[in-house]
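User: Hi, I'm new to this one and would like a careful walk through it. Could you take me around it step by step?

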Amino acid sequence: MEPDSSFTSVMALTLERQKNIPEQYVLPPLQRPNMSLTDHIPTSLPLIDLSMINHPAHRSQVIDEVHAACKQLGFFQVINHGIPTSVLKDALDSAEEFFNLPSEEKMCFASADVHEPVRYGTSMNHGKDKVFYWRDFLKLYANPISEWIHLWPSNPPSYREKMGSYADAMHTLQKRLMEVVLESLGLNANYLHEDIDEGSQVLAVNCYPSCPEPDLALGMPPHTDYGTLTILNQSHQGLEIMDHDKKWHSVPFIEGALIVQLGDQSEVMSNGRYKGTPHRAILNTQKKRLSIASLHSLAIEKKIGPAPELVDEQHPVAYKEGSFAEFLDCIALNSVSDVKYIDTLRIH
Ligand code: OGA
Ligand code: NI
């Protein structure tokens with residue numbers, strides 16, 4: 001029997017204009033976003049100017065900044081990244097237009113199978129989630145783009161063109177950023193060069209409608225991304241990251257900036273020198289929020305382990321090899337709140 005792929009999207013739910021959120025979305029008290037007194041600390045988070053990256057005299061400064069940011073939080077924002085504002089805006093506008101389509105049209109892309117290269121859904125994995133998250137999404141495989149783009153939505157009519165340009169720009173930026181991240185670990189900038197170029201890219205296009213009770217629910221639960229790094233473009237503020245003391249920091253919205261976060265594959269590759277950044281999405285009563293996360297990893301079946309240069313007597317191998325495919329098998333069976341894939345790779 002086919003698994004059930006039908007669901008009620010949050011977009012459909014919000015058309016009912018209820019004052020309260022359905023029970024299914026109400027988190028247990030300890031998981032709610034406002035429970036801890038230390039939540040939402042306003043801090044200055046690292047902002048890195050990439051315009052200096054190709055200047056031999058300044059590149060090492062960028063690498064130092066990236067090293068400090070990756071060590072502390074596994075997170076930074078980048079400006080002067082070279083991607084035109086129109087590409088970023090067009091992608092978010094296309095995302096919004098897609099989520100505004102009638103349900104029947106979006107449901108053509110719905111699937112309960114997390115392995116589908118194009119998948120419309122709600123919450124995280126609505127078949128497994130015990131509590132639902134206030135989020136609709138469309139996931140799109142993107143690299144190499146010629147292999148996947150014909151599967152993407154053809155409505156709105158400019159969707160493929162605009163999201164395609166965006167995906168290309170993210171893939172190029174990701175390669176430049178990985179070189180810097182590798183150098184910041186003392187590795188050769190060309191380490192895993194081809195694997196990174198031929199790696200998998202998934203665009204997670206997220207829609208978080210305004211929520212009447214944002215204190216009781218989340219758009220996305222705390223998680224780390226599975227890949228090497230994620231580049232996030234957002235229409236409004238709403239992302240929070242967790243520091244080593246388990247305190248949440250809201251990420252300020254900076255016009256034109258892109259958010260970069262390390263994922264599990266970077267943690268494994270760096271043998272734990274860097275950690276994947278735990279993050280979550282919070283909600284608000286005022287405005288629908290759109291975000292596009294470009295999730296990069298090695299090719300789906302390709303395994304990644306600690307870089308041999310980062311293993312020595314003081315730093316024994318701390319992780320087993322893992323792959324994107326194994327991560328998918330993990331989330332197909334478990335709810336993200338129960339099992340964290342990175343924990344299955346740690347060697348104690
Ligand atoms: C993701 C993610 C956060 C956001 O798609 O993995 O963490 O702010 N998104 O939408
Ligand atoms: Ni994420």
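User: What does His 223 do with a polar side-chain atom, and how far is that atom from an oxygen atom of ligand 1?

Analyst: A polar side-chain atom of His 223 lies 3.1 Å from an oxygen atom of ligand 1, where a polar contact is a pair of N or O atoms within 3.5 Å (within protein, one must be able to donate a hydrogen and the other to accept it, and residues adjacent in sequence count only if both atoms are side-chain atoms). This is a predicted model, in which local features need pLDDT of at least 70 and side-chain atom pairs count only at pLDDT 80 or more, while totals for chains, interfaces and linings use all residues. Side-chain values use heavy atoms, with hydrogens and water left out, residues are numbered from 1 along each chain as its sequence is written, and chains are lettered from A and ligands numbered from 1 in the order in which they are written.

User: Which other side chains have a polar atom by an oxygen atom of ligand 1?

Analyst: Asn 206 has a polar side-chain atom 3.1 Å from an oxygen atom of ligand 1, and for Asp 225 the distance is 3.2 Å. The protein covers 96% of the 290 Å² of accessible area that ligand 1 has on its own (Shrake-Rupley method, 1.4 Å probe; for residues, only the protein chains shown count as cover).

User: And what residues surround ligand 1?

Analyst: The shell, with a heavy atom within 4 Å, includes Tyr 208, Met 220, Leu 232, His 279 and Arg 289. By class it has 6 nonpolar, 4 polar and 2 charged residues, where Ala, Val, Leu, Ile, Met, Phe, Trp, Tyr, Cys and Pro count as nonpolar, Asp, Glu, Lys and Arg as charged, and the others, Gly among them, as polar. The strands β5 (200–208), β6 (220–223) and β12 (289–297) each supply at least two residues of that shell; helices (H or I, at least four residues) and strands (E, at least two) are DSSP runs, numbered from the N terminus.

User: Where does ligand 1 sit?

Analyst: Ligand 1 sits in the largest cavity, meaning that more than half of its atoms lie within 2 Å of the grid points. On a 1 Å grid over the protein atoms alone, a cavity is a set of points where a 1.4 Å probe fits but cannot get out, and lining residues have an atom within 4 Å of a point. The largest cavity has a volume of about 620 Å³, the space filled by probe spheres set on points joined across faces, edges and corners. Its lining has 42 residues, with Met 124, Lys 139, His 223, Asp 225 and Phe 327 nearest the centre, and it divides into 22 nonpolar, 10 polar and 10 charged.

User: How many cavities are there of 30 Å³ or more?

Analyst: The count comes to 2 cavities of 30 Å³ or more, and the second largest holds about 50 Å³ of space. Among the residues lining the second largest cavity are Lys 175, Glu 179, Tyr 191 and His 193, and α6 (159–184) gives the most to that lining, with 4 residues.

User: Switching to the backbone, which peptide bonds are cis?

Analyst: The bond from Asn 143 to Pro 144 is cis, with omega near -5°, and Pro 144 is found in the loop between β4 and α5 (145–148). Another cis bond joins Asn 155 and Pro 156, with omega about 0°, and Pro 156 is in the loop between α5 and α6.

User: What about the phi of Lys 246?

Analyst: Lys 246 has a positive phi of about 65° although it is not a glycine, and this residue lies in the loop between β8 (239–242) and β9 (248–250). Most residues other than glycine have a negative phi, and most peptide bonds are trans.

Definitions and conventions: 1 Å grid on protein atoms, 1.4 Å probe; cavity = no way out; pocket = protein on both sides within 12 Å on 5 of 7 lines; lining within 4 Å.
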